[in-house]
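Open your viewer and get ready to select a few pieces one after another. At each stop you will be told what to pick and what to look for.

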Amino acid sequence: MKRRTFIYTGTGIVVATGLGVGAFLLRNPESKWKIQPFHYPFILSDFLNEEFLRAIGNNYLVVRPDENSKEKLFSEITSGLPKTQNNTNDPDEQAIKIEKKVEMDFKSERMVLINGWVISETEARQCALLFLS
Amino acid sequence: MHTDARNLDNGTTLTGDICIIGAGAAGISIALEFMNSNYDVVLLEGGGFEYEDRIQELYDGKTTGQPYYPMKSSELHYFGGTTGHWGGMCAVFDPITFQKRDWVNDSGWPINQDTLLPYYKRAASNVDIDSNNFDLEFWLKQDPDFIPLPFDEQVVWNKIWKFSKPTRFGIKYREQIVNAKNIHLYTYANVVDITCTENLQNVKTVTIKNYAGKTLTAKAKYFILACAGIQNPRILLAANKQANKGLGNEHDLVGRFFMENAEFKSAELWLNQKSELNLYMNLQPRVRAELAIMPEKQAAFKILNGMVSFTPLDYAKQMPSYIQLWNTSDPRINEEQTRKAMYKTAGSRIHRLFEKFKSTESKKKHQAFQMTLRLEQSPNPLSRVTLGNQKDELGVPQANLNWAFTPLEKKSLRKIYEIIGQQAGEAGIGRVRLMEELWDPSDETLPVTTSGGWHHMGTTRMSDDPKKGVVDADCKLHGMQNLFIAGSSCFTTGSAVNPTFTIVALSIRLADHVKHLLSISNNI
């Protein structure tokens, strides 16, 4: 069973792209991640308010003190992301690419357990960047 | 036929071709297989047809180790046995359950799933499940709302469960058993001792007592002990007049390897799109799926088998764990407490169906679900039933239980939730949150809410090797010719699957075997 089937049936809404983009289009346009896609994890922001996200970021830096700088975290988050189409800084497009990277993290088992949440390393770094901002 | 053994003359001897000790799921299933045959069956039940507290008192004992339920209320002591509080969940044991796994000590049955499949088919009618189709694809075609979670099929699979009404064997089969001409049911007939031939190779008689002060004996060609996972080893250990360590206990195995289906409510699944998760809910047509880990992944991670069910978090938060609910020694109170808790959280089934009908689409869907993990327990010789110093009113030493785990359970518990967390992340459908008791990977203690299902397994385990098991592949006590054990005490490993359906299947198989032996001896 492909994930698209699950989501389509669950929502009754058909979108032309994969889950990440499909769910992305359904989201509240006022969400903070839409303005700051590097600071707000796309899916985690659905369940956790900013205080919790910052707490995750803080705890990530406790176990990974070598990443305790905005520059280092930004570098890690953007590492490996494909170049933006037409070289724009469209936050929607950036968020989609980060989400793809998050999914790849899970696929490659690049995960961390912080405050009980099984999250990807990229998400943890986003939280840490938010904490430092 | 039925006789109340309290009304028999003291010293009466009961005779039959076979003597079945215990009239629960196993004993009744075996008796049904002999119904209308040419063989006379003596079926002994310690209690009557209804619950009686003084009879139930005979099952009292002490517990140590991981907190467990009061012994008195853990198994039911009347006709129908523990099916009197059975939940009705039916599924077949997975092939991996039977296999020798190098990362699970003392694993490996002398039989495999193929051995039991034909008996599962026959067992289905005993427990009133309308078909025995446990195939996911079949059920997906039955209901378009059955949508599996979009996980990697190489990692996670969907285990299908079917739900019995649940069948109360004591109610459903009472008339059939009582009216059967070749089955003689004796109620208030508690077996308190077993007498063997001098060479200890055959049972000669069993001694029966009751509160009326009567002592009786039963004689048969074959005896089948079917008193469930705590009482089976208790009776064998207490039969120590001729064998010092108890019957069948030359290698100190009787009572050891006690296993449960350990239940943990230690993680949550949060979805980024609300869902009903219909396939995973216990709704009509009385079928549901649970998430299980593929055998290859179990081997790769060296973990136990486990299955995860889902409950909307807003309901689950209000529902205490079983270890909190079933905390009294009166099974009637435990049942009432459970009913009240379920009413308080999800409401009655009718109420839920009504709510489902009237509620809006958005109300039926949930964002967060509690994930309950039912975990196979690793066979552990220190987890065991022993005889206590205190005796019951009929003079039999009480059974004490030490429920003990190994580090493998905690490792498996954490890993299974992590695997589902990884799958949820990869699929992009949500995230998994582990409860605090799982945060420290070096912590091997189990959560205080760790529960069991009153599933008592492994205490007369099956093995071809008498040094590793109490019974052989035919459930015959090693070293003896005419004593068999029925029920979950024969399980070598506990599986992550509730035992009743397999108890019935294994009992039907045992009935076939004993019939075969009787036919041979008759021909001779």
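The tour visits a helix, then a sheet, then a core. Keep in mind as you go that this is a predicted model.

**Stop 1: a helix in chain A**

Select residues 50-63 of chain A, which form helix α5. At 1.5 Å a residue, its 14 residues should span 20 Å, and the end C-alpha atoms are indeed 20 Å apart, so the two values agree.

Now colour A:Leu53, A:Ile56, A:Gly57, A:Tyr60 and A:Leu61, the buried residues of α5(A). They lie on the same side of α5(A), because they cover an arc of only 135° around the axis. The spacing has a simple background: an α-helix has 3.6 residues a turn, so residues three or four places apart point the same way.

Turn the helix to see the face away from the buried side: A:Glu51, A:Val62 and A:Val63 are exposed there. What covers the buried residues? Show α4 (44-47), β1 (111-114), β2 (117-120) and α8 (121-132) of chain A, which are among the elements that do so.

**Stop 2: a sheet across two chains**

Stay with β1(A) and β2(A): they run antiparallel and are joined by four bridges. Find A:Val112, which stands opposite A:Ile119 in β2(A).

Next, extend your selection to the whole open sheet, whose nine strands follow the order β1(A)-β2(A)-β17(B)-β11(B)-β14(B)-β13(B)-β12(B)-β6(B)-β5(B), with antiparallel pairing. Which strands are at the edges? They are β1 of chain A and β5 (89-90) of chain B, each of which pairs on one side only.

**Stop 3: parallel strands in chain B**

Select strand β3, residues 41-44 of chain B. B:Val41 and B:Leu43 point one way, B:Val42 and B:Leu44 point the other way, and all are buried. In a regular strand the side chains alternate between the two faces of the sheet.

Add β2(B), residues 13-21, which pairs with β3(B) in the parallel sense over four bridges. Between them the chain passes through helix α1 (residues 25-34) of chain B, making a right-handed β-α-β crossover. Then add β7(B), residues 183-187, which is also parallel to β3(B), over four bridges. Click on B:Leu43: B:Ile20 stands opposite, and B:Leu185 is its bridge partner in β7(B).

**Stop 4: the largest nonpolar core**

Finally, highlight B:Ile20, B:Ile21, B:Leu44 and B:Ile224, which have the most contacts inside the largest nonpolar core, a set of 181 residues. Helix α16 (residues 500-523) of chain B gives the most to this core, with nine residues.

Zoom in on B:Ile21: its contacts beyond four places in sequence include B:Leu44, B:Val191, B:Phe223 and B:Ile224.

Notes: Residues numbered from 1 in each chain as written. Chains lettered and ligands numbered in written order. Predicted model: local features only at pLDDT ≥ 70, side-chain atom pairs only at ≥ 80, totals over all residues. Expected span 1.5 Å × (residues − 1). Buried ≥ 20, exposed ≤ 12 C-beta atoms within 10 Å, placed from the backbone. Arc of directions from axis to C-beta. Contact = placed C-beta atoms within 7 Å. Core = buried A, V, L, I, M, F, W, Y, C linked by C-beta atoms within 7 Å. Pairing = 2+ DSSP bridges. Right-handed = clockwise from strand over helix to strand, strands pointing away.
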